[in-house]
Amino acid sequence: MNPVQRALAALLAAVLVLLTPAGSGAAEDRERWHTKVLAMVDAPGRPANVVLHPNGRVYAGTFASPQTDGVPSVVREWTRAGRLLRSWEVPGQDLEVSHGVQVANVDSRGRLVVLEKSTGGVLLLDLRTDRWSTYSRLPDLPACALGQTGEGCTPNLVDAAPIPNYATWGPGGALYVSDYGQAVLWRVPPGGGKARPWLVDKRLDGVEFGTAGLVLGPQRRSLYVMQQTSLGLGEATVALGKLYQVPLKGERTLTRLWQSRPMDLPDGFSFARSGRVYVANAGSNQLVVLDEDFKEVERVPALPLTGDNGSPVPFDTPSNMTFAGTSVLVANQGFFGNPAHHAILDVHVGERGVPVFIPEGAGVRR
């Protein structure tokens with residue numbers, strides 16, 4: 001290339017830079033539902049929920065499966081580009097029983113809210129000091145006797161220990177926690193302390209497949225609750241999942257908004273700013289979109305169980321949908337133990353989510 005050609009090429013490159021809109025690039029060229037592997041998750045693997053921290057980093061922890069017995073759970077930190085930065089082994093677990101953690105939220109000081117299965121613990125992890133602390137602990141309530149009601153028992157068909165699963169902050173700084181093992185939604189008071197049953201309902205009993213995702217609504221007036229099944233006989237459609245709404249004020253009643261297909265086992269979900277709801281189906285290995293009226297409008301991939309998403313790692317027990325820019329981050333739990341499927345997946349959806357609400361002073365003792 002002669003000097004004149006080089007000068008023309010440089011001028012053309014400069015013009016193209018000036019004409020290219022800020023922020024454009026490969027990410028914006030992705031088609032809707034284009035899936036890529038953000039990060040593989042090393043042993044013990046099985047990420048069960050993804051949290052995008054205000055610091056821009058990505059966090060997930062090891063949840064339970066038969067293959068993790070005896071092995072401490074791990075919380076990991078990645079950059080948004082998927083580079084592993086740090087990891088923490090979870091202290092105080094009972095390694096003789098089924099155990100695991102979900103990174104569920106962030107408090108106002110930037111500490112991670114981590115839910116631990118074997119102890120029913122609601123833990124905080126300080127990312128600056130690496131210090132763990134206990135924020136609350138869910139009690140193991142006895143099953144209600146015939147005809148018995150009240151907050152001192154649960155209406156479970158089968159008596160089970162608490163399994164804290166998802167957590168969301170309320171407008172006043174209380175933390176609400178779903179319980180996968182007991183038919184209870186819990187409320188932890190602002191600053192932590194004793195968890196108390198906030199809602200006890202037979203419809204929250206799924207036996208082995210219970211209450212999962214829990215999200216504060218975009219208007220901050222209701223909680224939205226995902227039930228994987230009704231195997232506890234709270235509803236006649238026992239094998240179907242349900243999305244419920246319950247108001248934060250007034251009578252605490254569950255209103256059913258959506259019902260899944262058989263054995264979808266819907267898990268974590270998030271609201272888009274458009275009003276649509278993005279749901280991960282851990283059973284059918286599919287992602288589902290509901291419109292503003294909670295009617296299903298999309299299901300990817302079309303065939304259940306295959307998990308075929310066009311990436312090197314298929315959906316395998318996808319357990320959440322967390323917005324990150326115009327993508328959703330999906331934890332691929334791979335419950336049955338294939339380590340090649342233990343990953344965080346980045347799925348482009350072309351729209352943004354409702355920001356996660358973290359009230360001022362959330363998590364701080366008063």
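1. Let's start with C153, which is buried at a relative accessible area of 1%. Keep in mind that this is a predicted model, so read everything below as a description of that model. C153 pairs with C144 in a disulfide, and the sulfur atoms sit 2.0 Å apart. The S-S torsion for C144 and C153 is about 90°, so the bond is right-handed. A disulfide, for the record, is a covalent bond between two cysteine sulfurs. The disulfide count for the model is 1.

2. Next, a look at the surface. L157, V158 and L233 make up a nonpolar patch there, and together they offer about 290 Å² of accessible area. V158 belongs to the loop that runs between β9 (132-137) and β10 (164-169). With a relative accessible area of 46%, V158 comes out as partly exposed, because the label "exposed" needs over 50%.

3. That loop leads to β10, so here is its sheet. Four strands line up as β10-β11-β12-β13 in an open sheet with antiparallel pairing. β10 and β13 (196-200) are the edge strands, each pairing on one side only. Neighbouring strands of this sheet are turned by 30° against each other on average, ignoring direction. Between β10 and β11 (residues 175-179) there are 4 bridges, and the two run antiparallel. If you want a register check, P164 is opposite D179 of β11.

4. There is another open sheet of 4 strands, ordered β1-β24-β23-β22 and again paired antiparallel. Its edges are β1 (35-40) and β22; each has a single partner strand, so one side of each lacks a neighbour in the sheet. The twist from one strand to the next averages 30°. Inside this sheet, β23 (residues 327-332) and β24 (residues 343-348) are antiparallel and share 6 bridges. A331 has I344 in β24 as its bridge partner. As a general reminder, side chains in a regular strand alternate between the two faces of the sheet.

5. β24 also takes part in a long-range contact. D346 and R30 meet through their side chains in a salt bridge, at 3.0 Å from N to O. The two are 316 residues apart: D346 is in strand β24, while R30 is in the loop between α2 (26-29) and β1. How covered are they? D346 counts as buried at 3% relative accessibility, and R30 counts as buried at 13%. Both calls follow from the cut-off, because buried means under 20%.

6. The salt bridges deserve a point of their own: a search of the whole structure turns up 15. One of them joins D107 and R111 at 2.7 Å, N to O, with D107 and R111 both buried. Another links D264 to R299, with the closest N and O atoms 2.9 Å apart. That pair ties together distant parts of the chain, 35 residues apart, with D264 in the loop between β17 (255-262) and β18 (266-271) and R299 in strand β21. D264 is buried at a relative accessible area of 2%, and R299 is buried too, at 12%. Salt bridges with shared partners also connect R57, E77, R86 and D130 into one network.

7. Now the hairpin. β4 (residues 74-78) and β5 (residues 84-89) run antiparallel and are joined by 5 bridges. W78 sits opposite L84 in β5. The hairpin has 5 residues between its strands, and G82 in the turn shows a positive phi of about 100°.

8. Last, a proline in a loop. P301 falls in the stretch between β21 (296-300) and β22 (322-324). P301 is buried, its relative accessible area being 10%. Along the chain, P301 and P314 are 13 residues apart, and their C-alpha atoms are separated by 10.0 Å.

Notes:
Residues numbered from 1 in each chain as written. Predicted model: local features only at pLDDT ≥ 70, side-chain atom pairs only at ≥ 80, totals over all residues. Heavy atoms only, no water. Patch = residues over 30% accessible without salt bridge, like charges linked within 9 Å, V, L, I, M, F, W, Y side chains within 5 Å. Areas by Shrake-Rupley, 256 points an atom, 1.4 Å probe, with all protein chains shown as cover. Salt bridge = Lys/Arg side-chain N within 4 Å of Asp/Glu carboxyl O. Buried < 20%, exposed > 50% of the residue type's maximum accessible area, 1.4 Å probe, protein only. Pairing = 2+ DSSP bridges. Axes fitted to C-alpha atoms, helices over the stretch in contact; angles between N-to-C directions. Disulfide = S-S within 2.5 Å.
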